[in-house]
Amino acid sequence: MGIDYIATSQSDEEETSFVEAHWAKVWEKEGGPCGRPDRVGRQDEYGVMRGYLDEFPKGRLLDAGCGLGDWVLFLDREGFEITGLDISRKTVEELRELFPDNDFQAGDIRDTGMAEGTFDVCFSWGVFEHFENGPSDCLREAFRILKPGGLLFASVPFDNWRMSTKGTFAKPADANSKERFYQYRFTRAEWTREMTKAGFTVEALKPIHKRQGVLRCLHHEFFLPYEWLFTRGLSAALAPFIPGAWIAHMLLGVARKPVSNA
């Protein structure tokens, strides 16, 4: 399992406060909530998720770590009863003001305070990896709030061939007091193990976001700036020809809560 660190001026800040402040800044930098649900249908995650959702027509869904809220708006439009939960209280307040007819709540996905067996589906994109004690608390809470037979869709950074090779040959890094834990990266076996330990039955594992993985490779290994049109065009051209196990940026797990815990 790989570990990534992030530069910070407050390395001793309590984890929950740090995570909330970090993502509030990220969403603010991206322009804040502005209602762009149409782009959701083109996302790799939705390509995996779409067929499974047919099992739960009009079902109750939780977006655990909803960020700018686009998935909530999109799936509400598709006829689902959906709640968006995010740790950034500032972002949630903005979402409530902009979209008062939708259900946005501020809270911690490790301890939602929601009733057991509330949801048919819980999904979370790139969130479970950001807690230093690992994803187990997130997974246990997702298991608790899902109905028997319910599905979890959760993506985490993929410790793909490129990243694991870099780690093998990297020079030892000096400890830096201006850094703190940011996220874990998982292999297929590691992510399967984490979901299984929480009680889930794993139904699928899908490497996703190959283009983003190629883009990162071009930037970090070949020093091509992200913002160059050439870099972006080259990543789009190369991604279809490179296996996901080599280059995909994220790993999406599909897991089901058993109907019986016996």
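**Exercise 1. Lining of the largest cavity**

Determine which element contributes the largest share of the lining of the largest cavity in this predicted model.

*Solution.*
Step 1. The lining residues are Glu-15, Phe-18, Val-19, His-22, Trp-23, His-130, Glu-132, Arg-180, Phe-181 and Tyr-182.
Step 2. Two elements give two or more residues to this lining, namely α1 (15–29) and β7 (179–185).
Step 3. The largest share, five residues, belongs to α1.
Step 4. By residue class, the lining divides into five nonpolar, two polar and three charged residues.
Step 5. The volume enclosed is about 70 Å³.

**Exercise 2. The second largest cavity**

State how many cavities of 30 Å³ or more the structure holds, and describe the lining of the second largest cavity.

*Solution.*
Step 1. The structure holds two such cavities.
Step 2. The space in the second largest cavity amounts to about 40 Å³.
Step 3. Its lining is made up of Leu-62, Ala-64, Ile-109, Thr-112, Cys-122, Phe-128, Cys-138, Glu-141, Ala-142 and Ile-145.
Step 4. The elements giving two or more residues to this lining are β2 (60–64) and α5 (136–145).
Step 5. The greatest contribution is that of α5, with four residues.
Step 6. Classified by type, the lining of the second largest cavity has eight nonpolar residues, one polar and one charged.

**Exercise 3. The two sides of helix α4**

Identify the buried residues of helix α4 and explain why they line one face of the helix.

*Solution.*
Step 1. Helix α4 spans residues 89–98, and its buried residues are Thr-91, Val-92 and Leu-95.
Step 2. Viewed down the axis of α4, these buried residues fall within an arc of 100 degrees, so they line one face of the helix.
Step 3. The general principle is that an α-helix has 3.6 residues a turn, so residues three or four places apart point the same way.
Step 4. The exposed residues Arg-89 and Glu-97 are carried by the face of α4 turned away from its buried side.
Step 5. The packing partners of the buried residues of α4 are α1, β3 (81–86) and β4 (103–106).

**Exercise 4. The setting of Met-195**

Establish whether Met-195 is buried or exposed, and list the residues that Met-195 touches beyond four places away in sequence.

*Solution.*
Step 1. Met-195 is located in helix α7, residues 188–197.
Step 2. The relative accessible area of Met-195 is 0%; buried means under 20%, and Met-195 is therefore buried.
Step 3. Leaving aside residues up to four places away in sequence, Met-195 touches Leu-139, Phe-200, Val-202, Leu-205, Gly-253 and Ala-255.
Step 4. Pro-240 lies 45 residues from Met-195 along the chain, and their C-alpha atoms are separated by 29 Å.

Technical notes:
Residues are numbered from 1 along each chain as its sequence is written. This is a predicted model: local features need pLDDT of at least 70, side-chain atom pairs count only at pLDDT 80 or more; totals for chains, interfaces and linings use all residues. Side-chain values use heavy atoms; hydrogens and water are left out. On a 1 Å grid over the protein atoms alone, a cavity is a set of points where a 1.4 Å probe fits but cannot get out, and a pocket is an open set with protein on both sides within 12 Å along at least five of seven lines; lining residues have an atom within 4 Å of a point. Grid points are joined across faces, edges and corners, and a volume is the space filled by probe spheres set on the points. Ala, Val, Leu, Ile, Met, Phe, Trp, Tyr, Cys and Pro count as nonpolar, Asp, Glu, Lys and Arg as charged, and the others, Gly among them, as polar. Buried means under 20% relative accessible area, exposed over 50%, partly exposed in between (1.4 Å probe, protein chains only). The arc is that of the directions from the helix axis to the C-beta atoms. Contact means heavy atoms within 4.5 Å.
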